[in-house]
Amino acid sequence: MRHNAHVVPTPVHAPKPSPYTTFDRESWDRLVDRTALPLTQEDIDRIASLGDPIDMSEVDAIYRPLSALLQLYVDGRRRTAQERHAFLGEPDARPTPFVIGIAGSVAVGKSTVARLLQLLLSRWEHTPRVDLVTTDGFLHPNSVLEERGILAKKGFPESYDREALLNFLTSVKAGVGEVDVPVYSHVVYDVVPGHFTRVSQPDILIVEGINVLQPPRVATGSISVAVSDFFDFSIYVDAQEEHIEGWYVDRFLALRQTAFSREDSFFRTYAQLTDAEARATASMIWSAINLPNLRENIRPTRERATMIFRKGADHRVESLKLRKE
C-alpha cells in the first residue's frame with residue numbers, strides 16, 4: 001500500500017504585534033464630523049514655519065481629528081482628577097496643566113505642529129489658555145558649550161540644561177502659579193541673558209523640542225527622571241531622512257533673506273552665499289551635525305511617543321500611529 005508523502009505546511013507568519021493602531025490619511029480624516037474649523041487660512045499662514053507649507057485641507061484632514069482626540073484625553077484626565085479628589089477627600093483645586101510633548105528632527109515641521117495645535121486647542125471652550133514652550137531656552141549658553149568643547153553639538157542631549165528643564169516641568173505639574181522660561185534667540189544663536197517668558201497655570205502646555213522624548217539618565221545611587229515623565233500625551237513627527245535633509249537645505253537658503261541678513265545674526269556670513277554655496281554649506285551642516293543627532297539620539301525615541309506622524313515629501317501627513325490604551 002502506497003502512502004502519500006508527508007507535506008510540511010508553509011508557515012504563515014502572523015503580523016508582528018504592535019502597541020500602536022495605524023491610520024492612513026483617509027481613515028483618520030473620517031473620524032470626526034465636518035463642524036466648522038475655528039481657523040482661517042490667514043491664521044494658518046501666520047503660524048506656518050519657514051519651508052513647512054500647510055493649508056486648510058491639511059488642517060481639516062489631520063488636525064481637526066487630532067484636536068478632537070486631545071480634547072477626549074484632556075477631559076478624561078480632568079474627570080480622573082475630580083474622582084481622585086473625591087476619593088481622597090481632597091479640596092477641589094484647579095487641575096494642573098495637561099502637558100503635550102512634540103519631538104522630531106530639525107526641519108521636520110515640529111514648530112508648525114506645535115503652533116497649530118496651540119491655536120486650535122485654545123479655541124475650544126474648555127481649554128482657552130494654551131501655552132507653548134520650546135526647549136531651546138534650556139540650552140546651555142554658548143559660553144558654557146564652548147568651555148565644554150561641545151558648541152558644535154548644540155542640539156545633542158548633552159547641550160541642554162536638563163536639570164533646569166526638569167525643574168520647570170516639576171513646577172508646572174506641581175501647580176506653581178508662575179514659572180519663568182529662559183528665552184533663546186535663533187538670530188544670535190544663544191540664550192538671551194536676563195530675558196524670560198512666563199507660564200501661568202495654562203489649561204494645556206505644549207513642550208516642543210528635538211530631544212524631549214529622551215529616556216532618563218541612569219546614574220548609580222540616584223533616582224532618574226525623564227522629561228517625558230511629565231507628558232500626558234506626546235507626538236513624534238517622522239519622515240524619511242532624504243526628505244528632511246531637503247527641507248533643511250531649502251530652509252537654509254530661505255534664511256539668507258531673513259534671519260541671516262540681520263546685522264546681529266550669528267550666521268551673517270551665510271547671507272551672501274550663492275545658491276550653490278548655500279546648498280553645499282547646508283548639506284555639510286546636515287551631514288556633520290543634524291543627521292548624526294537624528295540617528296543617534298532623536299529617532300531612537302520615536303516609539304516612546306503616544307502618536308507618530310509620518311510625513312511625505314510634500315510635508316503632508318500620510319499616516320498616523322496611536323498607542324493603544
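Helix α6 covers residues 162-173 of this predicted model. At 1.5 Å a residue, its twelve residues should span 16 Å. The C-alpha atoms at its ends are 16 Å apart, so expectation and model agree.

**Helix α6: its buried face**
- Five residues of α6 are named here as buried: Leu165, Leu166, Phe168, Leu169 and Val172.
- Viewed down the axis of α6, the buried residues fall within an arc of 155°, so they line one face of the helix.
- Strands help to cover these buried residues: the cover includes β3 (130-134) and β4 (179-185).
- Also included in that cover are β5 (190-199) and β6 (204-208).

**Helix α6: what follows**
- Gly175 follows α6.
- The phi of Gly175 is positive, near 85°.

**The chain as a whole**
- The secondary structure of the protein chain comes to eight helices and nine strands.
- The C-alpha trace spans about 95 × 65 × 55 Å along its principal axes.
- Take the contacts between residues at least 6 apart in sequence: 72% of them join residues at least 24 apart.

**Burial and surface**
- The protein chain has 325 residues, and 45% of them count as buried.
- About 17,400 Å² of the protein chain is exposed.
- Carbon and sulfur atoms supply 54% of that exposed area.

**Charges**
- The protein chain carries 38 positive and 44 negative charges.
- The mean positions of the positive and negative charges are 4 Å apart.

Key:
Residues are numbered from 1 along each chain as its sequence is written. This is a predicted model: local features need pLDDT of at least 70, side-chain atom pairs count only at pLDDT 80 or more; totals for chains, interfaces and linings use all residues. Side-chain values use heavy atoms; hydrogens and water are left out. Helices (H or I, at least four residues) and strands (E, at least two) are DSSP runs, numbered from the N terminus. Buried means under 20% relative accessible area, exposed over 50%, partly exposed in between (1.4 Å probe, protein chains only). Contact means heavy atoms within 4.5 Å. Accessible areas come from the Shrake-Rupley method with a 1.4 Å probe; for residues, only the protein chains shown count as cover. Lys and Arg count as positive and Asp and Glu as negative; His and the chain ends are not counted. The place of a charge is taken as NZ of Lys, CZ of Arg, CG of Asp or CD of Glu. The expected span of a helix is 1.5 Å times one less than its number of residues. The arc is that of the directions from the helix axis to the C-beta atoms.
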